[in-house]
Amino acid sequence: MTLKEQCKTIEFREMGDATGKLVAIEGGQTIPFDIKRVFFIYGMSRNSIRGKHANINTDMVLICLTGSVKITVRSRQDEYCVVLDSPGKGLLIPHMLWREMSDFSAGTIILVLANTYYNPEDYITDLNYYENSTYQP
Ligand code: TYD
């Protein structure tokens with residue numbers, strides 16, 4: 001499978017009317033795992049690079065609630081870039097894929113849904129170690 005196939009873009013159903021919109025997300029339904037953790041990242045400057053890690057066991061879905069961000073996902077063989085700029089879609093990043101977030105527009109807020117509780121031991125933060133590791137996504 002290519003990285004683009006692994007990192008599916010999930011299109012949410014936008015509901016609402018002329019007064020405004022709403023997206024509802026249900027664990028195990030709208031996204032392909034049960035949600036154990038939600039966090040959001042904000043306050044980035046345009047030049048920030050966030051992420052720069054792979055998670056050993058954690059699958060995530062990233063949703064850009066406002067603003068825009070470039071997501072770069074890397075495996076040992078491949079690289080895939082996508083711009084998230086709409087709250088109407090999410091990007092699935094399965095475990096054991098290196099990810100970086102960059103090119104933030106002002107005021108960007110990214111909501112992240114994860115299938116694990118936070119565990120610092122779940123993180124690989126050394127790209128060289130990641131590229132030489134024998135873990136399989
Ligand atoms: P970090 O993983 O460095 O953020 P990013 O990948 O966006 O650059 O996390 C920043 C801090 O927040 C770090 O001290 C760990 C902590 N943290 C939690 O306590 N719980 C969490 O679920 C996450 C993702 C981070």
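Is glutamate 131 buried, exposed or partly exposed? In this predicted model, glutamate 131 has a relative accessibility of 32% and counts as partly exposed. The cut-offs explain the label, because buried requires under 20% and exposed requires over 50%. The surroundings of this residue are taken up below, after the overall fold.

The secondary structure comprises two helices and twelve strands. A helix opens the order of elements, the strands follow, and a helix closes it: α-β-β-β-β-β-β-β-β-β-β-β-β-α from the N terminus. The protein has 137 residues and a radius of gyration of 15 Å. A compact globule with that number of residues would have a value near 14 Å, so the two agree. Along the principal axes, the C-alpha atoms fill a box of roughly 50 × 35 × 30 Å.

Contacts were examined between residues at least 6 apart in sequence. Of these, 77% join residues at least 24 apart. Buried residues make up 42% of the 137. The exposed surface amounts to about 7900 Å². Carbon and sulfur atoms supply 48% of that area.

Charged side chains were considered next. There are 14 positive and 16 negative side chains. The centres of the two sets lie 3 Å apart. Side chains of opposite charge can pair when their charged atoms come close. Four salt bridges are counted in the protein.

Arginine 74, glutamate 79 and glutamate 131 are linked in a network of salt bridges. Within this network, arginine 74 pairs with glutamate 131, with the closest N and O atoms 2.9 Å apart. Glutamate 131 lies in helix α2, residues 127–132, whereas arginine 74 lies in strand β7, residues 69–74. The pair therefore ties together parts that are 57 residues apart in sequence. Arginine 74 also meets glutamate 79 in a salt bridge, with an N to O distance of 3.8 Å.

The accessibility of the network was then assessed residue by residue. Arginine 74 has a relative accessible area of 24%, so this residue is partly exposed. Glutamate 79, at 48%, is also partly exposed. Glutamate 131, at 32%, falls in the partly exposed class as well.

Another salt bridge joins lysine 89 and aspartate 85. Their closest N and O atoms are 3.8 Å apart. Aspartate 85 has a relative accessibility of 44% and therefore counts as partly exposed.

Backbone geometry was examined at two further positions. Most residues other than glycine have a negative phi. Lysine 52 has a positive phi of about 55 degrees, although this residue is not a glycine. Lysine 52 is found in strand β5, which spans residues 50–55. The relative accessibility of lysine 52 is 40%, so this residue is partly exposed.

Aspartate 103 likewise has a positive phi, of about 55 degrees, and is not a glycine. Aspartate 103 is found in the loop between β10, residues 98–102, and β11, residues 109–114. With a relative accessibility of 45%, aspartate 103 counts as partly exposed.

Terms used:
Residues are numbered from 1 along each chain as its sequence is written. This is a predicted model: local features need pLDDT of at least 70, side-chain atom pairs count only at pLDDT 80 or more; totals for chains, interfaces and linings use all residues. Side-chain values use heavy atoms; hydrogens and water are left out. Helices (H or I, at least four residues) and strands (E, at least two) are DSSP runs, numbered from the N terminus. The radius of gyration is taken over C-alpha atoms; the globule rule is 2.2 Å times the number of residues to the power 0.38. Buried means under 20% relative accessible area, exposed over 50%, partly exposed in between (1.4 Å probe, protein chains only). Contact means heavy atoms within 4.5 Å. Accessible areas come from the Shrake-Rupley method with a 1.4 Å probe; for residues, only the protein chains shown count as cover. Lys and Arg count as positive and Asp and Glu as negative; His and the chain ends are not counted. The place of a charge is taken as NZ of Lys, CZ of Arg, CG of Asp or CD of Glu. A salt bridge is a side-chain nitrogen of Lys or Arg within 4 Å of a carboxyl oxygen of Asp or Glu.
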